[in-house]
Structure formats: C-alpha cells, structure tokens
Amino acid sequence: MIAELIIIYLFIFIFGAVFGSFFNVCISRIPLKESLLTESHCPNCGKAIKYHNNIPIFSWLFLKGKCSDCSQPISITYFLVELITPLLFIFIFYVNGSMFSIKFISQIVFTSFGIIIAFIDFKNHIIPDVLSIPLLFIGLLFGFLQNNIHGLFESFIGAASGFLLFLIVSEFYLRVRKKEALGGGDIKIMAAIGAFSGWMGVLAITFLASVFALIILVMIKHDSKEHFPFGPFLVSASLFYLIAGRYLGNLYMKFYDYIMTI
C-alpha cells in the first residue's frame, strides 16, 4: 500500500511538473495572443529550446537560470511555476484523502487556471477573459457534477454574489474616489471563484485576499497611488479557502475534541 502511494505521488509530481511547464507557455503567450502550440523558445533570443534543455524544474537549475544559446537570464518565475504546480497537486491529493474524486479534479482544474491567472496578472496587470470566463462555466459544471441541480444552483448563486459584490465595490470606489479600484478582470475572476466556492466562500475569500494584500503592501511599502494587481491575492486566498481552509478546520476540530477529553 505504501509503495503504491509513493508511486502515485511520484506520478502526480511528474504530471504536475509537466503541466507547470505548459502553464509557463500560457503565462508568456496568452497576454501576447500568441499560439500555444508552437515549439518552446527562449524569451530573449527567440531560438528554439532543445528537448534536453526543456525538462521541467531541472533544466532551469542545470542551466543556472540562463539560456543555453544567448546566456541571457531566464526569469525565476519559470522555475517557480514548474515547482509550485506539482507541490500543489500533491497537497490537493493529500487533503482529499489520497483519492481521485470529482472534488479532487475540480480543485486541480481551479488551481491550474489560478496559477496561470495569478502570474499573468502579476506580470502584466491583466486577467484575460479567455481564462476567467471559461473558468466560470467550468465552476458551474463541477457544481452540477458534485451535487446535481442543487450544486448547480449553489454555484450560480456564488458566481452571482462574487460578480455583484466586486461590481458594487468597484462602482462605489469609482464614484467616491474618482478612480478605478477593481478592473473588469477582477470582477469576472471573482464570479468564477464564486462558482467554485459558493456565496459564503466569496465573503471569506474577499476578506482573506484583502488581508493578504494589506500585509504584503505594508511589507514592501507600496505607494497607494500606484496600481497593484489584486488577482494573485484572490487566487492565493481562494486556494487557501478551497483546499487548505477546510483541511485546517478539520485539524482544529480534532485538536479541540482532544483538548476537551483531557
């Protein structure tokens, strides 16, 4: 049993690393509206990357973060995406009881979109509709698959709640401060998040994302007059709520029950 689990975890890690490599392609090309099907190439010199220099995680380390042709630095975000993706996939599998289920698949899909969206927003300050809108409908689909019509209804209410909440906040801030607080991309991605989390999740994730953003902005002494991408904080808070939040909640309840028996 243990040997089988080790093999499964290893498979998930390799699977995640390969997908992380593809996510890097999406992150670099979607904002430029380039094809995702052409061969990988250096972002600096444009030369095709040889297959033995295109191994997820390890190639970046072996090449010391530089192109093998032009020796120009390659952003560490490539390495981070290829590392974070399999680690998150493994964690999702673990918190789902090391079982493949509809819930596991839904969290994998959300995480995949979330990683791409977070890094695109961080680098380009945009959340492409080609990602947020499909994610919204995928969230509704998983709501139905997990709990039939009732699940679909909950997902729809969550999506509507996320959309309306951020739309109201955006309009209110625009009228009071005369400047945009949330972009259209933030509003649409919140609708997609709501489809996965439900209306209660919308409130919790909004609060968590605001706290995460406040902590980071204070730490880096961000100028309040300058724009900052909110997408990465929304994705981080969503992953915490959808994946880790309930797991940590269960641990807390077990700890509480243990304390009460002492």
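Helices in this tour are DSSP runs of H or I with at least four residues, numbered from the N terminus. The model is predicted.

**Stop 1: tryptophan 60**

Select tryptophan 60, which sits in helix α2, residues 58-62. Show everything it touches, skipping neighbours within four places in sequence: the contacts are Gly65, Ile74, Ser75, Ile76, Tyr78 and Phe79. For one of these, isoleucine 74, draw a C-alpha to C-alpha distance from tryptophan 60; it comes to 8.1 Å, for two residues 14 apart along the chain.

**Stop 2: the loops on either side of α2**

Step back to isoleucine 57, in the loop between α1 and α2. Its phi is positive, about 70°, although the residue is not a glycine. Most residues other than glycine have a negative phi. Is isoleucine 57 buried or exposed? Isoleucine 57 counts as buried because its relative accessibility is 6%, and the cut-off for buried is under 20%.

Now go to leucine 63, in the loop between α2 and α3. Leucine 63 has a relative accessible area of 27%, so it is partly exposed. Beyond its neighbours within four places in sequence, leucine 63 is in contact with Asn53 and Ser68. A C-alpha to C-alpha line from leucine 63 to valine 81 spans 17 Å, with the two positions 18 residues apart in sequence numbering.

**Stop 3: α1 against α3**

Colour α1 (2-29) and α3 (76-95). The two helices pack with their axes 7 Å apart, at an angle of about 140°. That angle makes α1 oblique to α3. The crossing of this pair is right-handed. Sorted by class, the residues in the contact are 16 nonpolar, seven polar and one charged.

**Stop 4: α3 against α4**

Keep α3 and add α4 (102-124). Their axes come within 10 Å and cross at roughly 155°. At that angle α3 is roughly antiparallel to α4. Here too look at the handedness: α3 passes α4 in a right-handed crossing.

To see the contact, show these side chains:

- From α3: Thr77, Val81, Ile84, Thr85, Leu88, Phe89, Ile92 and Phe93.
- From α4: Phe104, Gln107, Ile108, Thr111, Ser112, Ile115, Phe119 and Lys123.

By class, this contact has 10 nonpolar, five polar and one charged residues.

**Stop 5: α4 against α6**

Hide α3 and bring in α6 (184-219). The axes of α4 and α6 come within 12 Å and cross at roughly 165°. The two helices are therefore roughly antiparallel to each other. Their crossing is left-handed. On the α4 side select Ser106, Phe110, Ile117 and Asp121; they meet Asp186, Ile189, Ile193 and Phe196 in α6. By class, the contact has five nonpolar, one polar and two charged residues.

Stay on serine 106, in helix α4. Serine 106 counts as buried because its relative accessibility is 5%. Which residues does serine 106 touch, not counting those up to four places away in sequence? The list is Phe142, Gln146 and Phe196. For a longer view, join the C-alpha atoms of serine 106 and phenylalanine 11: they are 95 residues apart along the chain and separated by 19 Å.

**Stop 6: the nonpolar cores**

Next, the interior. The largest nonpolar core has 46 residues, and the members that touch the most others are Ile117, Leu135, Ile189, Phe230 and Leu234. Which elements give two or more residues to this core? They are α1, α3, α4, α5 (129-177), α6 and α7 (231-261). There is also a second, separate core of seven residues, including Ala17, Cys42, Ile57 and Cys67. Ile57 is the residue with positive phi from the loop between α1 and α2.

Return to the largest core and select phenylalanine 230. Apart from neighbours within four places in sequence, phenylalanine 230 is in contact with Asp121, Phe166, Leu182, Asp186, Ala209, Ser210 and Ala213. Two of these, Asp121 and Asp186, were shown at the meeting of α4 and α6.

**Stop 7: asparagine 148**

Finish in helix α5 with asparagine 148. Its phi is near 50°, a positive value in a residue other than glycine.

Conventions:
Residues numbered from 1 in each chain as written. Predicted model: local features only at pLDDT ≥ 70, side-chain atom pairs only at ≥ 80, totals over all residues. Heavy atoms only, no water. Core = buried A, V, L, I, M, F, W, Y, C linked by side-chain atoms within 4.5 Å. Buried < 20%, exposed > 50% of the residue type's maximum accessible area, 1.4 Å probe, protein only. Contact = heavy atoms within 4.5 Å. Axes fitted to C-alpha atoms, helices over the stretch in contact; angles between N-to-C directions. Parallel < 35°, antiparallel > 145°, perpendicular 65-115°, else oblique. Left-handed = near helix turned anticlockwise from the far one by under 90°. Nonpolar A, V, L, I, M, F, W, Y, C, P; charged D, E, K, R; others polar.
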